[in-house]
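Subject: Structure for your review

Dear colleague,

Please find a structure below for your study. A short account of what was found in it follows.

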4 protein chains.
Amino acid sequence: MNRIQKVVDEWVSQPQHKVKYFPPFELCAQLSEEIGEVAREVAHLYGYKKKKEGEKTDGLEGEIGDVLFVLACLANSQGIDLDEAFNKSVEKKNQRDKHRFE
Amino acid sequence: MNRIQKVVDEWVSQPQHKVKYFPPFELCAQLSEEIGEVAREVAHLYGYKKKKEGEKTDGLEGEIGDVLFVLACLANSQGIDLDEAFNKSVEKKNQRDKHRFE
Amino acid sequence: MNRIQKVVDEWVSQPQHKVKYFPPFELCAQLSEEIGEVAREVAHLYGYKKKKEGEKTDGLEGEIGDVLFVLACLANSQGIDLDEAFNKSVEKKNQRDKHRFE
Amino acid sequence: MNRIQKVVDEWVSQPQHKVKYFPPFELCAQLSEEIGEVAREVAHLYGYKKKKEGEKTDGLEGEIGDVLFVLACLANSQGIDLDEAFNKSVEKKNQRDKHRFE
């Protein structure tokens, strides 16, 4: 995952950006926005709701990529390693499920 | 990113799991839940709202890891490569910003 | 709040709609989408992120209205009264805060 | 809806609260958290995912009430009338659907 975090860090470091990383609450708002776009794509693919005519979207792949981008911004700005964060999540699930299926 | 998608695929393939991947709308609901927990952690770290007494949380790192886990579930179940999705997001940003800063 | 739930029920009952209420997971996806649009409006009003050129939005008021609409759909489809749900939330806060400020 | 907005305004005006309304990005984070709890309840009711043992929840009704509470906080803090916001959303849907079903 290091690659993603490095690409994001280089991207936000470009001179035209006023700030490197947005404040954490603003990144949360962006996460909420991007997750909403993932949900919209899923609804278009699997739900009753049709796309509005002329509505352009990046497709589910693009929206998932946007979530990753913002997630990496939040992680970078907070000094969090995405690989370690993921490992922690898996360990927690293994620990929890050990008890659940005993 | 391949590693994360592989770990998730092995994890959901364990015999005690009734289904490998949940249906896409249910994964969206999980994403919404996990993003909400990220938002709660950010609020505890940077906001006015204090933790409820005795409230256990996994910290921001763990919650970010959980988002990654569910995002990888959604990607795997839809045949999406997270690395390519991320690249697409960066390309789109580069394309868009090219016009914005001209 | 009864008014809102009635208006929504009449609206979804129109003959051109294939289904009255979407399934609960699809309504969750819509909620996620609408909350994301609220977050985007807040970011445009208070954040660093500028609107994309030509991006049309309904403003924060409209987006908050959309959340209410979908929330009423979910409540109606589950037989939940929004007024009672709100009262329950206030009571819970009062109960919880009683202990917090002792 | 006036009642809900008034109740919320009285509630946040209590002397023990350090601030009346949280800043808009923090309210967005709370909205994200509450919507996530709605999604979790829907998953418990309709999905594959079981509750963790000992997990206390307020049920879907309570979580919907919490969304309403935070939505009213955001609306109040921004001078938005929830009834008017809802009306605007319905009008927009009517306008949009007029073209869709012609």
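Two residues are said to be in contact when heavy atoms lie within 4.5 Å. The model is predicted, and the values in this message were computed from it.

**Chains A and B**

With that meaning of contact, 49 residues of chain B and 48 residues of chain A take part. The size of an interface is often given as the accessible area lost when the parts come together. Between chain B and chain A, about 4,600 Å² is buried, and carbon and sulfur atoms give 72% of this area. Of the area that chain B buries against chain A, 15% comes from B:Trp11, B:Glu61 and B:Phe86, more than from any other three residues.

**Helices of chains A and D**

Helix H2 of chain A and helix H2 of chain D each cover residues 24-46. Their axes come within 9 Å and cross at roughly 45 degrees. Angles from 35 to 65 degrees fall in the oblique class, so H2(A) and H2(D) are oblique to each other. The crossing of H2(A) with H2(D) is left-handed. Where the helices meet, A:Phe25, A:Glu26 and A:Ala29 of H2(A) face D:Phe25, D:Glu26 and D:Ala29 of H2(D) in contact. This contact has 4 nonpolar, no polar and 2 charged residues.

**Chains C and D**

How is chain C superposed on chain D? A rotation of 180 degrees, with 0.0 Å of shift along its axis, achieves this with an RMSD of 0.0 Å. The relation is therefore that of a two-fold axis. Both copies use the same surface, as 100% of the contact residues of chain C recur in chain D.

With kind regards

Notes: Residues numbered from 1 in each chain as written. Chains lettered and ligands numbered in written order. Predicted model: local features only at pLDDT ≥ 70, side-chain atom pairs only at ≥ 80, totals over all residues. Heavy atoms only, no water. Axes fitted to C-alpha atoms, helices over the stretch in contact; angles between N-to-C directions. Helix = DSSP H or I, 4+ residues; strand = E, 2+ residues; numbered from the N terminus. Parallel < 35°, antiparallel > 145°, perpendicular 65-115°, else oblique. Left-handed = near helix turned anticlockwise from the far one by under 90°. Nonpolar A, V, L, I, M, F, W, Y, C, P; charged D, E, K, R; others polar. Least-squares fit on C-alpha atoms with pLDDT ≥ 70 in both. Buried area = accessible area lost by both parts, 1.4 Å probe.
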